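Here is a small set of exercises to work through with the model open beside you. Try each task on your own before reading its solution.

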Amino acid sequence: MKNEDCTLCGLRQNCSRVIVGRGSKPAKLMIVGESPSIDDDLIGEHLLSREGFYVKNIFFKHGINFHNTYFTYTVKCFGENKKIHRETCKFWLNKEIQEVNPEIILCLGLLPTNVLTGCKRLYDVIGQEKDYNNTVIIPWYGLNKIYIGGHEIVQKTIELVERIKSRIGSVKRN
């Protein structure tokens, strides 16, 4: 997908680069975060903030291989007022979902949950399976909440990873 030169909104003019999704196509698991951190923007990779690195380690330690998963953001550019730009970036996110054809989409935070399900309160749907065009969506806490949420949130996240693994079998796709 070629959205590196996107000019659909004003965020692009203030960031270093458009952070496009990365990973396997097709992939059984697609993880959708809210938006790139400043570290992601400067380096051009996903999950480079301390919160992202922390969550990435939890997932990896418990069997999610990011080389066999697809990761993207709802809003593709770093910047302020990302919620204003969610509808603009939804075009790119829907294209990614079509290309990746995941069995499960894990939404990390309210922004991707809202864009894909219309839900306005994350805590009403946390961990519940929702349908999005015949793909299962699981809304979950955002990176920051997992990072600062303490042992209980981390333990629930580990349980979610185990649930995802049991649902899709191996995360690897031949």
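**Exercise 1. Find the residue whose side chain meets that of Glu-129 in a salt bridge, and place both partners in the chain.**

Solution. Step one is the pair itself: Glu-129 and Arg-163 form a salt bridge, with 3.9 Å from N to O. The rule applied here asks for a side-chain nitrogen of Lys or Arg within 4 Å of a carboxyl oxygen of Asp or Glu. Step two is the location: Glu-129 sits in the loop between H4 and E5, whereas Arg-163 belongs to helix H6, and the two distant parts of the chain that they link are 34 residues apart. Helices (H or I, at least four residues) and strands (E, at least two) are DSSP runs, numbered from the N terminus.

Step three is exposure. Glu-129 is partly exposed at a relative accessible area of 37%, and Arg-163 is partly exposed too, at 32%. In these exercises, buried means under 20% relative accessible area, exposed over 50%, and partly exposed in between (1.4 Å probe, protein chains only). Finally, look for further partners: a network of salt bridges links Glu-129, Arg-163 and Arg-167.

A word on the ground rules. This is a predicted model, in which local features need pLDDT of at least 70 and side-chain atom pairs count only at pLDDT 80 or more, while totals for chains, interfaces and linings use all residues. Residues are numbered from 1 along each chain as its sequence is written, and side-chain values use heavy atoms, leaving out hydrogens and water.

**Exercise 2. Which residue forms a salt bridge with Glu-99, and which parts does the pair tie together?**

Solution. Start with the partner: it is Lys-25, and the closest N and O atoms are 2.9 Å apart. Next, locate the two ends. Glu-99 lies in helix H3 (residues 86–100) and Lys-25 in the loop between E1 and E2, so the pair ties together parts that are 74 residues apart in sequence. Then check the surroundings: Glu-99 is partly exposed at 33% relative accessibility, as is Lys-25 at 42%.

For practice, repeat the search with Asp-124, whose side chain meets that of Arg-121 in a salt bridge (3.0 Å, N to O). Here Asp-124 is partly exposed at 42%, but Arg-121 counts as exposed at 53%. The total by this rule is 6 salt bridges.

**Exercise 3. Work out the strand order of the open sheet and name its edge strands.**

Solution. First, recall that strands of a sheet pair through backbone hydrogen bonds, either parallel or antiparallel. Two strands count as paired if DSSP finds at least two bridges between them. Second, follow the pairs:

- E1 (residues 22–23) and E3 are antiparallel over 2 bridges, with Gly-23 bridged to Tyr-70 in E3.
- E2 (residues 29–33) and E3 run parallel and share 4 bridges; Gly-33 stands opposite Tyr-73.
- E4 and E6 are parallel over 5 bridges, and Ile-104 has Val-136 as its bridge partner in E6.
- E5 and E6 run antiparallel with 3 bridges, and Lys-130 stands opposite Ile-137.

Third, read off the order: the 6 strands run E1-E3-E2-E4-E6-E5, with mixed pairing. E1 and E5 (130–132) are the edge strands, each pairing on one side only. To finish, inspect the turn between E5 and E6: these strands form a hairpin with 2 residues between them, and Asn-133 in the turn has a positive phi of about 50°.

**Exercise 4. Are the residues of E6 buried or exposed, and which helices lie against this strand?**

Solution. Begin with the count: 6 of the 6 residues of E6 are buried, so this strand is largely enclosed by the rest of the structure. Now sort the residues by face. In a regular strand the side chains alternate between the two faces of the sheet. In E6, Thr-135, Ile-137 and Pro-139 are buried on one side, and Val-136, Ile-138 and Trp-140 on the other.

Last, turn to the helices. H4 (residues 110–117) lies across E2, E4 (104–108), E5 and E6 (135–140), running at about 130° to E4. H6 (residues 150–168) packs on the sheet and touches E2, E4 and E6, its direction making about 175° with that of E6. Contact means heavy atoms within 4.5 Å; axes are lines fitted to C-alpha atoms, for helices over the stretch in contact, and angles run from 0 to 180 degrees between N-to-C directions.
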